[in-house]
Amino acid sequence: MGSKQSSHTFHCNEFLNGKGPPALITQANEEMNIRYKELRRVQPDGQMTWVILHRDLPGYHSDNTLQISFIFADGVQTESHPNPGKPFAGLRQWAYLPDNREGRKVLQLLDKGFSRGLIFTVATNEEGVDIVSPLDVPLKTQPDGGTSKTSYPDPDYLKNVRKILKDKDIE
């Protein structure tokens with residue numbers, strides 16, 4: 001019993017002398033700082049709008065279509081982009097969602113993510129030109145087209161996008 005007590009006392013003394021793990025508040029703050037750095041705004045200033053199209057999407061035959069427009073003007077890169085101070089080409093991008101409860105929820109989440117600057121970034125394309133590009137949230141940029149990952153039908157798309165956005169703390 002004495003040896004266990006001594007060992008316990010030794011470990012307690014290490015904590016009291018600052019040789020143990022950091023305090024929980026320190027660990028929590030470090031975790032938040034890491035998470036904040038990962039979720040920092042990388043999106044240039046732009047505009048997101050949407051309209052309702054009176055047509056359906058494959059797989060959503062009884063619903064209208066939400067057409068989302070993302071517009072970014074040409075600009076100059078900031079410190080959060082690959083080549084600060086250099087120009088980048090803007091973007092006009094359309095995306096499509098079914099106009100139903102789940103589609104409107106995803107629209108709301110995309111709007112929140114767009115407002116936080118977490119949907120697009122500036123990236124260098126294959127030709128070496130810096131352009132505005134979607135970050136890591138997949139967008140359905142074609143209303144139909146078969147099995148392409150950018151078009152419908154895709155029965156898991158809305159669920160997958162919600163998961164990706166949730167991983168970015170967009171709920």
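Contact here means heavy atoms within 4.5 Å. The model described is predicted.

**Overall composition**

The protein has 4 helices and 7 strands. Read from the N terminus, the order of its elements is α-α-β-β-β-β-β-α-β-β-α. Of the 171 residues in the protein, 32% are buried. The accessible surface comes to about 10,800 Å², and carbon and sulfur atoms account for 53% of that surface. Among contacts with a separation of 6 or more, 61% join residues 24 or more positions apart.

**V132 in strand β7**

V132 lies in strand β7, which spans residues 130–134. Its relative accessible area is 3%; because buried means under 20%, V132 counts as buried. Leaving aside residues up to four places away in sequence, V132 touches P44, F72, F88, A89, G90, L91, F120, T121 and V122. One of these partners, A89, is 43 residues from V132 in sequence, and the two C-alpha atoms are 6.4 Å apart.

**A73 between β2 and β3**

A73 sits in the loop between β2 (64–72) and β3 (75–76). With a relative accessible area of 55%, A73 is exposed. When residues up to four places away in sequence are not counted, A73 touches F88 and G90. A73 and G90 are 17 residues apart along the chain, with their C-alpha atoms separated by 4.5 Å. F88 and G90 also appear in the list of residues touched by V132.

**P153 and D169**

P153 is placed in the loop between β7 and α4. The peptide bond leading from Y152 to P153 is cis, and its omega is near 5 degrees. P153 is partly exposed, with a relative accessible area of 44%. G59 is 94 residues away from P153 in sequence, yet the C-alpha atoms of P153 and G59 are 5.3 Å apart.

D169 belongs to the segment after α4. Its phi is near 65 degrees, a positive value in a residue other than glycine. D169 is partly exposed, at a relative accessible area of 33%.

The C-alpha separations given above are collected here.

| Residue pair | Separation in sequence | C-alpha to C-alpha distance |
|---|---|---|
| V132 and A89 | 43 residues | 6.4 Å |
| P153 and G59 | 94 residues | 5.3 Å |
| A73 and G90 | 17 residues | 4.5 Å |

**Helices α3 and α4**

Two packed helices are described by the angle between their axes and the distance between the axes. Helix α3 covers residues 101–115 and helix α4 covers residues 157–167. Their axes come within 10 Å and cross at roughly 30 degrees. Angles under 35 degrees count as roughly parallel, so α3 is roughly parallel to α4. The crossing of α3 and α4 is left-handed.

On the α3 side, the contact is made by E102, G103, K105, V106, L109 and L110. On the α4 side, L158, V161, R162 and L165 take part. The residues of this contact comprise 6 nonpolar, 1 polar and 3 charged. Glycine is counted among the polar residues, so G103 of α3 is the polar one in this contact. Glu, Lys and Arg count as charged, and therefore E102 and K105 of α3 and R162 of α4 make up the charged group. The nonpolar group consists of V106, L109 and L110 of α3 with L158, V161 and L165 of α4, because Val and Leu count as nonpolar.

Methods:
Residues are numbered from 1 along each chain as its sequence is written. This is a predicted model: local features need pLDDT of at least 70, side-chain atom pairs count only at pLDDT 80 or more; totals for chains, interfaces and linings use all residues. Side-chain values use heavy atoms; hydrogens and water are left out. Axes are lines fitted to C-alpha atoms, for helices over the stretch in contact, and angles run from 0 to 180 degrees between N-to-C directions. Helices (H or I, at least four residues) and strands (E, at least two) are DSSP runs, numbered from the N terminus. Angles under 35 degrees count as roughly parallel, over 145 as roughly antiparallel, 65 to 115 as roughly perpendicular and the rest as oblique. A crossing is left-handed if the near helix is turned anticlockwise from the far one by less than a right angle, and right-handed if clockwise. Buried means under 20% relative accessible area, exposed over 50%, partly exposed in between (1.4 Å probe, protein chains only). Accessible areas come from the Shrake-Rupley method with a 1.4 Å probe; for residues, only the protein chains shown count as cover.
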